[in-house]
Amino acid sequence: MMDDPARTPFFETAIINRLNSAPGGPGSQTVLDLGTGPFALFAIIAAQAGARKVYAIEANSKAVRSARITVKRLGFSNVIEIVEGLSNEITLPEKADFAVAEIVGSIASEEGLYATILDAHRRLVKEPSNPSNWIPSRVQTYASPASYGLHNLFQPPAFDWTKLNGEPVRFNCRDEGLQLLSDPVLIEDISFANIKPDATNKKKINFIIDGERIEDNTSSFYEEFRRARLAEGEAEKMAKTTAASLTGIALWPRLILDGE
């Protein structure tokens, strides 16, 4: 986990609150950090907040070396143990009081989250059915059909979108060049405390295209195309075309950090 200014403060608050809420105080708590990353960011936050012990698991060897250097430099080697490997292949000397797992992808479960949390639930956390023992406690994925400005602005032969070979395009959530065509629909909802094996579900999703939303999108796309220095008439025409077009399905995660 690298420092993400949008997420890190919320995780930090959740970790500190969880430690301070323990009946025996922070010093009674053992913390598990799944996917600690090259900076052992959440492990260090837990140690600074007074955790007795932190097991920080990381599969990437280069990230492990960096994390160990960082932990040693900050003087937390006696509290934080960086454990190299996949969590489902590791046995810890004790179970953790709670776990922090920032292993959420653009689709919440795409980074192997389900199998990782299911295994930790079985083996690595003391009271895994308590939502307060997971940060986040729940992750969700939402979806909506969307229009993308550049998809209409850049067309063959100048740009061939088929060259992406079906690979997803990653967007900044603040990118005004991407606009939704309907209200978001929940397609994935995973409670870490209630995670179940073999929980494969099929769901039929219906999206209702919103005419008022398309009108709003036309205005947004017009502003985007004008910022891209298209002439007024061309920007207006392109905005109308783009707002009424379907580029694909946008998907994004939602994290619930502090219980249910």
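Buried means under 20% relative accessible area, exposed means over 50%, and partly exposed is what falls in between. Keep those cut-offs handy for the exercises below, and remember that this is a predicted model.

**Exercise 1. Get your bearings in the chain: how many helices and strands are there, and what share of the residues is buried?**

Step 1: Start with the elements. The chain has seven helices and nine strands.

Step 2: Now look at the overall extent. Along the principal axes, the C-alpha atoms fill a box of roughly 65 × 40 × 35 Å.

Step 3: Finish with burial. Of the 260 residues in the chain, 42% are buried.

**Exercise 2. Find the nonpolar surface patch that includes Ile107, and work out how to class Ile107 itself.**

Step 1: Pick out the members. Ile107, Leu246, Ile249 and Leu251 make up the patch, which covers about 330 Å².

Step 2: Place Ile107 along the chain. It sits in the loop between β4 (98–101) and α4 (113–123).

Step 3: Check the number. Ile107 has a relative accessible area of 32%, so it counts as partly exposed.

**Exercise 3. Describe how α1 packs against α2, then do the same for α6 and α7.**

Step 1: Take helix α1 (residues 8–21) and helix α2 (residues 41–48). Their axes are 10 Å apart and the angle is about 40°.

Step 2: Name the arrangement. Angles under 35 degrees would count as roughly parallel, and 65 to 115 as roughly perpendicular. So α1 and α2 are oblique to each other. The crossing of α1 past α2 is right-handed.

Step 3: Move on to helix α6 (residues 211–227) and helix α7 (residues 232–243). Here the axes come within 8 Å and cross at roughly 140°. That makes α6 oblique to α7, since it takes an angle over 145 to count as roughly antiparallel. The crossing of α6 past α7 is right-handed.

Step 4: Add a pair of residues to the picture. Lys237 lies in helix α7 and, at 63% relative accessibility, is exposed. Lys237 and Tyr222 are 15 residues apart in sequence, while their C-alpha atoms are 8.5 Å apart in space.

**Exercise 4. Trace three of the salt bridges and say which parts of the chain each one ties together.**

Step 1: Recall the idea. Side chains of opposite charge can pair when their charged atoms come close. A search of the whole structure turns up nine salt bridges.

Step 2: Try Glu81 with Lys53, where the closest N and O atoms are 3.8 Å apart. Glu81 belongs to strand β3 (residues 80–84) and Lys53 to strand β2 (residues 53–58), so this bridge links parts 28 residues apart in sequence. Glu81 is partly exposed at 35%, whereas Lys53 is buried at 15%.

Step 3: Next comes Lys126 with Asp97, at 3.2 Å from N to O. Lys126 is in the loop between α4 and β5 (134–135) and Asp97 is in the loop between β3 and β4, so the bridge ties together parts 29 residues apart in sequence. Lys126 is partly exposed at 44%, but Asp97 is buried at 12%.

Step 4: End with Arg213 and Asp183, whose closest N and O atoms are 2.6 Å apart. Arg213 lies in helix α6 and Asp183 in the loop between β7 (178–180) and β8 (185–191), so the parts being tied are 30 residues apart in sequence. Asp183 comes out as partly exposed, at 48%.

**Exercise 5. Look into the backbone at Ala40, Arg229 and Pro136: where does each residue lie?**

Step 1: Know what to expect. Most residues other than glycine have a negative phi, and most peptide bonds are trans.

Step 2: Go to Ala40, in the loop between β1 (30–34) and α2. Its phi is near 45°, a positive value in a residue other than glycine. Ala40 is buried, with 0% relative accessibility.

Step 3: Compare Arg229, in the loop between α6 and α7. Phi of Arg229 is positive too, near 70°. Arg229 is exposed, with a relative accessible area of 78%.

Step 4: Turn to Pro136, in the loop between β5 and β6 (138–148). The peptide bond from Ile135 to Pro136 is cis, with omega near 0°.

Definitions and conventions: Residues numbered from 1 in each chain as written. Predicted model: local features only at pLDDT ≥ 70, side-chain atom pairs only at ≥ 80, totals over all residues. Heavy atoms only, no water. Patch = residues over 30% accessible without salt bridge, like charges linked within 9 Å, V, L, I, M, F, W, Y side chains within 5 Å. Areas by Shrake-Rupley, 256 points an atom, 1.4 Å probe, with all protein chains shown as cover. Salt bridge = Lys/Arg side-chain N within 4 Å of Asp/Glu carboxyl O. Helix = DSSP H or I, 4+ residues; strand = E, 2+ residues; numbered from the N terminus. Buried < 20%, exposed > 50% of the residue type's maximum accessible area, 1.4 Å probe, protein only. Axes fitted to C-alpha atoms, helices over the stretch in contact; angles between N-to-C directions. Left-handed = near helix turned anticlockwise from the far one by under 90°.
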